[in-house]
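Work through the exercises below with the sequence and the 3D structure at hand. Try each task before reading its solution.

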Amino acid sequence: MGMLYLISAGSSARKAGPRIAVEKDGEIIGRLPIRSIDGVILGRNAQISTQAIFELIELSIPVIYIDDYGKIVGNLCNDKQTAARLFRQLEIFNNADKQILLTQEIITEKILNQQNILKQYTKTKDAEKLLGKIKRLKVQAEKINSLNDLEEIRGAEGMASKIYFSAFPELIDLTRWNWKGRSQHPATDPINALLNYGYAFLEREVRIVTAIVKLDARIGFFHSNDGRKDALVFDLMEFFRQPVIDRFVLSLLNRKMISPEDFEKTAEGCRLKFEAQKVWCTRYEEYMAKKYREYGDKNSRDMILERVKTFAECLKR
């Protein structure tokens with residue numbers, strides 16, 4: 001089925017036999033087989049019963065709590081793993097040479113994904129400008145494999161991201177959208193707000209898959225293992241930012257499924273209005289269920305699972 005979203009005020013879910021009964025303002029609006037649900041996304045103004053939570057956790061179906069910006073506040077998930085697997089992960093990620101190799105792999109693939117996004121637009125946009133950006137990205141990708149220092153690799157990755165996002169004016173309608181470059185936290189404009197919102201959704205996708213393949217989300221190799229966030233989740237997200245989220249965001253913008261009026265400015269930055277969040281969730285689930293030839297006729301969610309499985313397998317070697 002996909003994810004069950006409980007984000008609007010007055011929405012709730014409770015266990016009803018082998019099903020989850022979804023309610024809005026006390027009235028049942030649907031009943032879903034529990035085993036058909038991949039996960040539950042819960043906003044601060046929605047409710048879920050303790051009995052439903054128990055059933056979901058026993059079936060290893062995560063319950064993820066989010067704030068008004070889509071950012072994860074916390075999660076409940078049965079993600080037990082063996083001590084041997086945990087020690088193996090620590091051993092690998094504490095090995096400086098292995099850290100470099102894993103980082104080179106993930107950042108090289110990320111830059112290739114950036115190139116592929118720009119290539120997709122060369123048929124309909126200013127091809128000459130985009131091809132120039134693609135060449136510059138290729139230089140950065142080739143540079144990565146010659147670097148043996150994490151900070152130098154981070155520097156090359158940062159440069160590639162600047163090149164990539166500098167191409168956005170060629171990809172969007174500047175009569176509708178204002179773009180002055182990537183700004184993360186807080187987002188200062190609608191496109192950055194949409195990217196941040198999308199990456200929060202991607203974090204949930206990767207977090208769920210990380211638990212499925214029995215990796216410890218806290219122990220990463222590229223992002224800092226400082227306890228402030230689960231480093232491995234953010235490491236693995238680098239595989240999917242462009243092919244999953246950027247692709248979706250650009251599609252929403254260019255097909256006019258989202259408009260500038262769908263955003264609001266707050267003390268904490270720019271964000272999607274609540275009604276537009278519901279539109280996003282509907283479109284996102286449709287998008288994640290769609291199969292693509294380049295993913296071997298798999299959908300995006302299955303592609304993420306397969307890629308992370310492959311990554312986990314390489315840790316055994």
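A nonpolar core is a set of buried Ala, Val, Leu, Ile, Met, Phe, Trp, Tyr and Cys residues joined through side-chain atoms within 4.5 Å. The model used here is predicted.

**Exercise 1. The cores**

Task: Find which residues have the most contacts inside the largest nonpolar core, and which helix gives the most to it.

Solution. Step 1: The largest nonpolar core has 88 residues, and those with the most contacts inside it are Phe93, Phe240, Trp280, Ile304 and Phe311. Step 2: Helix H7 gives the most to this core, with eleven residues. Step 3: Another core lies apart from it; this one has 17 residues, including Val40, Ala52, Ile61 and Val63. Step 4: Turn to Phe240. Neighbours within four places in sequence aside, Phe240 is in contact with Leu202, Val206, Ile245, Met303, Ile304, Arg307 and Val308.

**Exercise 2. A residue in H7**

Task: Decide whether Asn196 is buried or exposed.

Solution. Step 1: Asn196 belongs to helix H7, which covers residues 190-212. Step 2: The relative accessible area of Asn196 is 16%. Step 3: Buried means under 20%, so Asn196 is buried. Step 4: With neighbours within four places in sequence left aside, its contacts are Arg182, Ser183, Gln184, His185 and Ala187.

**Exercise 3. Two helix pairs**

Task: Classify how H10 and H11 are oriented to each other, then do likewise for H4 and H5.

Solution. Step 1: H10 (residues 274-289) packs against H11 (residues 300-314) at an angle of about 60 degrees, and their axes are 6 Å apart. Step 2: Roughly parallel requires an angle under 35 degrees and roughly perpendicular 65 to 115, so H10 and H11 are oblique to each other. Step 3: In this contact, Tyr284, Glu285, Tyr287 and Met288 of H10 meet Ser300, Arg301 and Ile304 of H11. By class, these are four nonpolar, one polar and two charged residues.

Step 4: H4 (residues 127-144) and H5 (residues 150-166) pack at about 170 degrees, with axes 10 Å apart. Step 5: Angles over 145 count as roughly antiparallel, and H4 and H5 are therefore roughly antiparallel to each other.

**Exercise 4. The sheet**

Task: Which strands stand at the edges of the open sheet, and why is one side of each left without a neighbour?

Solution. Step 1: Its four strands have the order E4-E3-E2-E6, with mixed pairing. Step 2: E4 (27-33) and E6 (47-48) are at the edges; each has a single partner strand, so one side of each has no neighbour in the sheet. Step 3: E2 (residues 11-16) and E3 (residues 19-24) run antiparallel, joined by six bridges. Ser11 stands opposite Lys24 in E3.

How values were computed. Residues numbered from 1 in each chain as written. Predicted model: local features only at pLDDT ≥ 70, side-chain atom pairs only at ≥ 80, totals over all residues. Heavy atoms only, no water. Pairing = 2+ DSSP bridges. Buried < 20%, exposed > 50% of the residue type's maximum accessible area, 1.4 Å probe, protein only. Contact = heavy atoms within 4.5 Å. Axes fitted to C-alpha atoms, helices over the stretch in contact; angles between N-to-C directions. Nonpolar A, V, L, I, M, F, W, Y, C, P; charged D, E, K, R; others polar.
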